[in-house]
Amino acid sequence: MELIVKHFDELSTKELYEILKTRAEIFVVEQDCVYQDLDDKDQDAIHVFCWNDKGRVAGCLRVFMKDEENKVAQIGRVVTLEHGKGLGRKLLREGVEVAERSFDADRIYLEAQKYAIGYYAKEGFEVTSDEFLEDGIPHVQMERRRRDSAANKGVEAAVARITAMEEILDEALRRMDAAGERPLALLDYQSEVKELSEYYSGPDWKADFALDEEGLLPKNLKRGVLSEDGIYDALERNRELLERIR
């Protein structure tokens, strides 16, 4: 099925009618959910849709700007009448392209029904909220970062730094725990501990901490080094152990 991409103002009356008909069939009738579908966002959106051989809109979604200042677009009203043909993935991929190409979005936001988390995750979306009810149906917020954006590259660099520092911290703690029996092992690891200390006292730690505070780091990222008390206590413990050993 060929995808059609049109701004609201470009839609014909028939196209708009069939898009709304498909949305109502699934979101209102099939899911038995009475809600206000017409929310005054369609007029500012670009709509992606396709026809089947019966003259119905077989799938559709809309993309609009959620936050211009921070370059966040939103995808919503994602629906397909036909399953098992790869239409849903094709539709979503086009939606992502529209968000990045037409709106120059660095981030794409959506609210996914809980059962569909896996569908969106396959296209790079990550859960960014706890579960919540929307019109009585469990949802979560999800986001996808633009692969080539400067913001995303900054996050990727932070993740690499944090992961490296976590490995140093974990190994240092293991050697501290065993310092009574193997003090030389801790002494031999001091160049790495120095690297950890320099990270903690330098600008990279502050930048990584800020990204974490903004919720921009992956939820499953191990980030003990961003605990100010935790890393301070570890460095102090290392100093005290060195005084005893030496």
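**Salt bridges, a bent helix and a pocket**

Arg62 forms a salt bridge with Asp42, with 3.0 Å between the closest N and O atoms. This pair links distant parts of the chain. Arg62 sits in strand β3, Asp42 sits in the loop between α1 and β2, and 20 residues separate them. Both Arg62 and Asp42 are buried. The structure is a predicted model.

Arg62 also pairs with Asp39. In this second salt bridge the closest N and O atoms are 2.7 Å apart. Asp39 lies in the loop between α1 and β2, and Arg62 in strand β3, so the salt bridge ties together parts that are 23 residues apart in sequence. The two partners differ in exposure. Asp39 has a relative accessibility of 23% and therefore counts as partly exposed, since the buried class requires a value under 20%. Arg62 has a relative accessibility of 3%, so Arg62 counts as buried.

A further salt bridge occurs within a helix. The side chains of Arg239 and Glu243 meet at 2.9 Å, N to O. Both residues belong to helix α8, which spans residues 228-245. They are 4 residues apart, about one turn of the helix. Arg239 is partly exposed, with a relative accessible area of 37%. Glu243 is exposed, and its relative accessible area is 54%. Elsewhere, salt bridges with shared partners join Arg23, Asp37, Asp39, Asp42, Arg62 and Arg77 into one network. The count for the model comes to 27 salt bridges. In general, side chains of opposite charge can pair when their charged atoms come close.

Helix α1 covers residues 13-30, which makes 18 residues. From its first C-alpha to its last, α1 reaches 24 Å. That span is close to the 26 Å expected at 1.5 Å a residue. The helix bends by about 30° at Ala24. Several of its residues are buried: Glu15, Glu18, Ile19, Thr22, Arg23, Ile26 and Phe27. The buried residues of α1 pack against five strands, namely β1 (4-7), β2 (46-51), β3 (57-67), β4 (72-80) and β5 (107-113). Arg23, one of the buried residues of α1, is also a member of the salt-bridge network. Just after the helix, Asp32 takes a positive phi of about 50°.

The largest pocket holds about 980 Å³ of space. Its lining is made up of 39 residues. Among them, Phe27, Arg77, Val78, Glu111 and Gln113 lie nearest the centre of the pocket. Two or more lining residues come from each of α1, β3, β4, α2 (87-102), β5, α3 (117-121) and β8 (137-145). Strand β4 gives the largest share, with 7 residues. Two of the residues nearest the centre also appear in other parts of this account. Phe27 is one of the buried residues of α1. Arg77 belongs to the salt-bridge network.

Helix α2 also contains Glu100. Glu100 is buried, with a relative accessible area of 19%; the buried class ends at 20%. Leaving aside its neighbours within four places in sequence, Glu100 is in contact with Ala105, Ile108, Arg144 and Arg146.

Key: Residues numbered from 1 in each chain as written. Predicted model: local features only at pLDDT ≥ 70, side-chain atom pairs only at ≥ 80, totals over all residues. Heavy atoms only, no water. Expected span 1.5 Å × (residues − 1). Bend = angle between axes of the 7 residues up to and from the residue. Buried < 20%, exposed > 50% of the residue type's maximum accessible area, 1.4 Å probe, protein only. Contact = heavy atoms within 4.5 Å. Salt bridge = Lys/Arg side-chain N within 4 Å of Asp/Glu carboxyl O. 1 Å grid on protein atoms, 1.4 Å probe; cavity = no way out; pocket = protein on both sides within 12 Å on 5 of 7 lines; lining within 4 Å. Points joined across faces, edges and corners; volume = space filled by probe spheres on them.
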